[in-house]
Amino acid sequence: MTANLATNDPNFSSTSGTPFAFRDGESFNGGIARFAADNWHERMIEITNVAGLEFGHRPSASAAEPDRLAALADFMRVDVSELIARARPHHGESYGAGGHRMFNGIILPTALVESRIRRFAPASLMQPDGNHHRALWDLRLLPVCTETGQILLDRCQNAICDGGQVCWVITSGVEYCEHCMADLRNSQSPTVGPELLAALQPVADLFTTARRSEAVARLPISLSVDDGQLAADLLVALMPVIAPSLRHNMQRLHLVDPLQVSAVTAQAWHLMEGWPHRFLDLVRTRMEARDKRHDDGNLGRTTHFFWRLSDSASPALRAVIAEVRDALDLDGPAGASIAARTYRIKEAAKVIGIGTQQIAELRRAKALTAIVALRTARSELLFDRAEIHRLKQEISLRMGFDSVSSRLGIAHEGVEQLVDVGILDLLDHPFHIARYGVHQTTRASFDKLTANLTAGQSTVLKGERIRITQAMKAVGGRFKPWGPAIEALLDRKVAYMVDDEKGPLVHRIHIPAKDAPLIAALIFTPATPPRLVPATMMSKNDAANLLNIGDRQANELFMDVQTQKGCREKTLAVADVLAMARNSIAVAEMAARRGIATQTAYADAVKSGIESHGLAGFCRVAAETKFGLRS
């Protein structure tokens, strides 16, 4: 077939009669193929032979020399700049899989640029004016179409088509299979989730000339140089660090699971947006999970990244990595500074008085700060010296919530309330909850509380008096408001006296009987934001207190939950016990709220036909309704 067309001007399409023009975002091969199809050329080589191509099975001229592109542009009657902007010329002296090519002004390893296979997204081809091949579909870093989120295909799904991958040989239209002419727009391809698609968009922008500045603007200043080239280099270098399995597959990225490639590409960009801190968090996490002492926990890819870059790595990339490496290198310029502010594991363990295995486990649980350090291609995790000394002091001052609970005689959630209202201190370092399994306060704040309660009591109480714990039995369906109650005592809003009997302090506090309703009406409202995260599990003793039942009843009620004798282990879900409390009302609560004896309260409930809930008491709604207790 010759180059003579239906009109005498090859600038015009024989099908539309309008001058040919590249579309926004269209690929080099896609534009040539569309031009050929519009002008009834059956094979791309019939167009690209103008640029010196000779072999029909590899007809792409995207890597042709500028003078050859000029000849092709002249034949197509388009501005040569349109072809040059979309071309994929070789860069440097190396060719083939080990070489580099330009992609929209960015230098990339040749293996990351698709030139032979025609990848496509059916939904994108289906869009109005969408029947053209996008340049980004040639980027193997993005196996997903960022317009529709579809995973890119490279094969026809027609059941009778056995032609294999779709290439650029036959130019029947980019929306048709070159083997069987089936409409590729009817193909089915899954889509990635909206979060992953959004995470990939900045990468797509980086490799799109018109949007590159928007992508680069999202990066730290140190990475926003070279008009995106440094960003692209770092992105590619980070991928095998994130996924060591890609170490030997970067040359064959098109054969890797597209979801994995997409996720790794997105994560690499995420690390770059928070460079270098997010990257160091990744390094630290991998090292914390390592099996060998000086291994990087990453199959050597982190070490390779820091010390063994490819010879082809750009000076800018080397400089960025060297800046991070030097800040971590114990033998480098920052070595003395690192040593002065860190401890090795044996030193740290000795200071706070625990074993090296224990402190390593706490570090892995992120209860201790891990500082990444390097030494002659080896990786180390060090401890923050200031943090270790802070913990040494706090350990000497600590007092566990369970101990406070026992000494005061209130439930664990009551201690949480005392912290939240500011009566007790909180040692909020994550080390304490990880090490001891329960929050810690300070002995000094506990001693201050007990001293203030003792000093603030009245010398005499007029009229009938009751224990404050008895007044709390009138509180049901919710936590006892111990925080507000003790605040009221300390602020002398409620008079009280502490007797001299033995036992927990709160159990020895008496208040006027007339003030019992004031105590029961108190409501605990957590601070904004709350000072601590409440426990999600509770002991059987605390459950008994919440439900207003005895310890023996609680043991029978929760007998399916095994605990050792005398153990205060928190084995019950707080949410489940609260739900039970909202559903059931104990006899003790009914008696306290009605001001009658427990025997009378029980008898009245039975006589009134209130539904029994066994050991938990009776139906709360029915009882409150019957006896006028609903507020």
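This is a walk through one helix, one pocket and two cavities of a predicted model. Local features need pLDDT of at least 70 and side-chain atom pairs count only at pLDDT 80 or more, while totals for chains, interfaces and linings use all residues. Residues are numbered from 1 along each chain as its sequence is written, and side-chain values use heavy atoms, with hydrogens and water left out.

Let's start with helix H9, residues 258-273. Helices here are DSSP runs of H or I with at least four residues, strands are runs of E with at least two, and both are numbered from the N terminus. The expected span is 1.5 Å times one less than the number of residues, so the 16 residues of H9 should cover 22 Å, and the 23 Å between its end C-alpha atoms agrees with that. At the N-terminal end, Asp257 acts as a cap, with a side-chain oxygen 3.1 Å from the backbone nitrogen of Leu259.

Which residues of H9 are buried? They are Val261, Ser262, Val264, Thr265, Ala266, Ala268, Trp269, Leu271 and Met272, where buried means under 20% relative accessible area with a 1.4 Å probe, protein chains only. The cover over these residues includes helices H6 (194-206), H7 (212-216), H8 (229-242) and H10 (277-288).

Helix H8 turns up again at the largest pocket, where it gives the largest share of the lining, 6 residues. On a 1 Å grid over the protein atoms alone, a pocket is an open set of points with protein on both sides within 12 Å along at least five of seven lines; a cavity is a set where a 1.4 Å probe fits but cannot get out; lining residues have an atom within 4 Å of a point. The pocket has a volume of about 840 Å³, and 30 residues line it, with His100, Pro109, Val236, Ser310 and Ser312 nearest its centre. Strand E3 (106-109), H8 and helix H11 (301-307) are the elements that give two or more residues to this lining.

Now for the enclosed spaces: the structure holds 2 cavities of 30 Å³ or more. The largest cavity has about 40 Å³ of space, and its lining is made of Phe28, Asn29, Ser60, Ser62, Arg88, Glu114, Ser115 and Asp138. The second largest has a volume of about 30 Å³. Its lining residues include Gly476, Leu546, Ser584 and Arg620, and helix H24 (540-547) and strand E14 (584-585) each supply at least two residues to that lining.

Conventions. Buried means under 20% relative accessible area, exposed over 50%, partly exposed in between (1.4 Å probe, protein chains only). Contact means heavy atoms within 4.5 Å. A polar contact is a pair of N or O atoms within 3.5 Å; within protein, one must be able to donate a hydrogen and the other to accept it, and residues adjacent in sequence count only if both atoms are side-chain atoms. Grid points are joined across faces, edges and corners, and a volume is the space filled by probe spheres set on the points.
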